[in-house]
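Got a model open and wondering how one of its helices sits among its neighbours? Let's go through it in a few quick rounds.

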Amino acid sequence: MISVMPARADRASMDASATTWALAARGGDPDAAEHFVRALHGDVLRYVAHLSGDPQTARDLTQDTFARAFGSLHRYEGRASARTWLLSIARRAVADSLRRAAVRPRIADAVDWQTAVEGTQPRDLPGFDDGIALLDLLETLPDERREAFLLTQVVGLSYEEAAGFVGCPVGTVRSRVSRARVTLERLLQEAEAASALAA
């Protein structure tokens, strides 16, 4: 599988910078606040899109995450990296959104709103179809394995950081990621075999 994780040294440097900017933003530095958002916006967006399973609301959830973060920035002391702290806020934002969605009915103008939305998405982007296929495969994983895989392989947290984030031993995270990889590889092979038979 293709790794989308930055090198460990680069990630550590990015995390240190983001944490420094968060602490400076806590002190009222508007430039630091902007750097903090820019440094972590992509990670939060990817994370909430995968956790929520709804790319359409991912931008709203990302905005909600940063609004919550800035609302509680005065309490952030830098004990955990800013990335880990922010992703824990994102996780709560997604959970709250899912709870709210569960108690209100869905409203759609189109008979099949999901097909209508998918039809408006750009399809000529390089890697678009592969990305959609991977998202579909990720959705088949059990929640715990999907979260461990996303945190370590997409967001770029170390196994230790992911373990602290989800509140389980490092070995459990490693096991979940390993099982997720095995499942994804098997599903990819099955999809390729089915595609070859159809051709």
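What follows is a short Q&A on helix packing and a pocket in this predicted model.

Q: How are H2 and H7 oriented relative to each other, given an angle of about 155 degrees?
A: Helix H2 covers residues 30-52 and helix H7 covers 143-155, and their axes lie 11 Å apart. Angles over 145 degrees count as roughly antiparallel. With about 155 degrees between them, H2 is therefore roughly antiparallel to H7.

Q: Which class of residue, nonpolar, polar or charged, has 6 members in the contact of H2 with H7?
A: H2 passes H7 in a right-handed crossing. On the H2 side the contact uses Asp-43, Arg-46, Tyr-47, His-50 and Leu-51, and H7 brings Arg-146, Glu-147, Leu-150, Leu-151, Val-154 and Val-155. Sorted by class, there are 4 charged residues and 1 polar, and the class with 6 is nonpolar.

Q: What is the orientation of H7 to H9, which pack at an angle of about 95 degrees?
A: Helix H9 spans residues 170-198, and its axis is 8 Å from that of H7. The window from 65 to 115 degrees counts as roughly perpendicular. At about 95 degrees, that makes the arrangement of H7 to H9 roughly perpendicular.

Q: How many charged residues are in the contact of H7 with H9?
A: From H7 come Glu-144, Arg-145, Ala-148, Phe-149, Thr-152 and Gln-153. H9 answers with Val-173, Arg-176, Val-177, Arg-179, Ala-180, Arg-181, Thr-183 and Leu-184. Split by class, that contact has 6 nonpolar and 3 polar residues, and the charged ones number 5.

Q: How do H7 and H8 lie to each other at an angle of about 140 degrees?
A: Helix H8 runs over residues 159-166, with its axis 9 Å from that of H7. Roughly antiparallel needs an angle over 145 degrees, and this pair packs at about 140. H7 and H8 are therefore oblique.

Q: Which hand does the crossing of H7 and H8 have, left or right?
A: Here Glu-147, Leu-151, Thr-152 and Gln-153 of H7 meet Tyr-159, Ala-162, Phe-165 and Val-166 of H8. The contact comprises 5 nonpolar, 2 polar and 1 charged residues. As for the hand, the crossing is right-handed.

Q: Which element gives the most to the lining of the second largest pocket?
A: That pocket holds about 270 Å³ of space. Its lining has 13 residues, and the closest to the centre are Leu-51, Arg-91, Asp-143, Glu-144 and Glu-147. Two elements, helix H4 (82-103) and H7, give two or more residues each. The one giving the most, with 5 residues, is H7.

Key:
Residues are numbered from 1 along each chain as its sequence is written. This is a predicted model: local features need pLDDT of at least 70, side-chain atom pairs count only at pLDDT 80 or more; totals for chains, interfaces and linings use all residues. Side-chain values use heavy atoms; hydrogens and water are left out. Axes are lines fitted to C-alpha atoms, for helices over the stretch in contact, and angles run from 0 to 180 degrees between N-to-C directions. Helices (H or I, at least four residues) and strands (E, at least two) are DSSP runs, numbered from the N terminus. Angles under 35 degrees count as roughly parallel, over 145 as roughly antiparallel, 65 to 115 as roughly perpendicular and the rest as oblique. A crossing is left-handed if the near helix is turned anticlockwise from the far one by less than a right angle, and right-handed if clockwise. Contact means heavy atoms within 4.5 Å. Ala, Val, Leu, Ile, Met, Phe, Trp, Tyr, Cys and Pro count as nonpolar, Asp, Glu, Lys and Arg as charged, and the others, Gly among them, as polar. On a 1 Å grid over the protein atoms alone, a cavity is a set of points where a 1.4 Å probe fits but cannot get out, and a pocket is an open set with protein on both sides within 12 Å along at least five of seven lines; lining residues have an atom within 4 Å of a point. Grid points are joined across faces, edges and corners, and a volume is the space filled by probe spheres set on the points.
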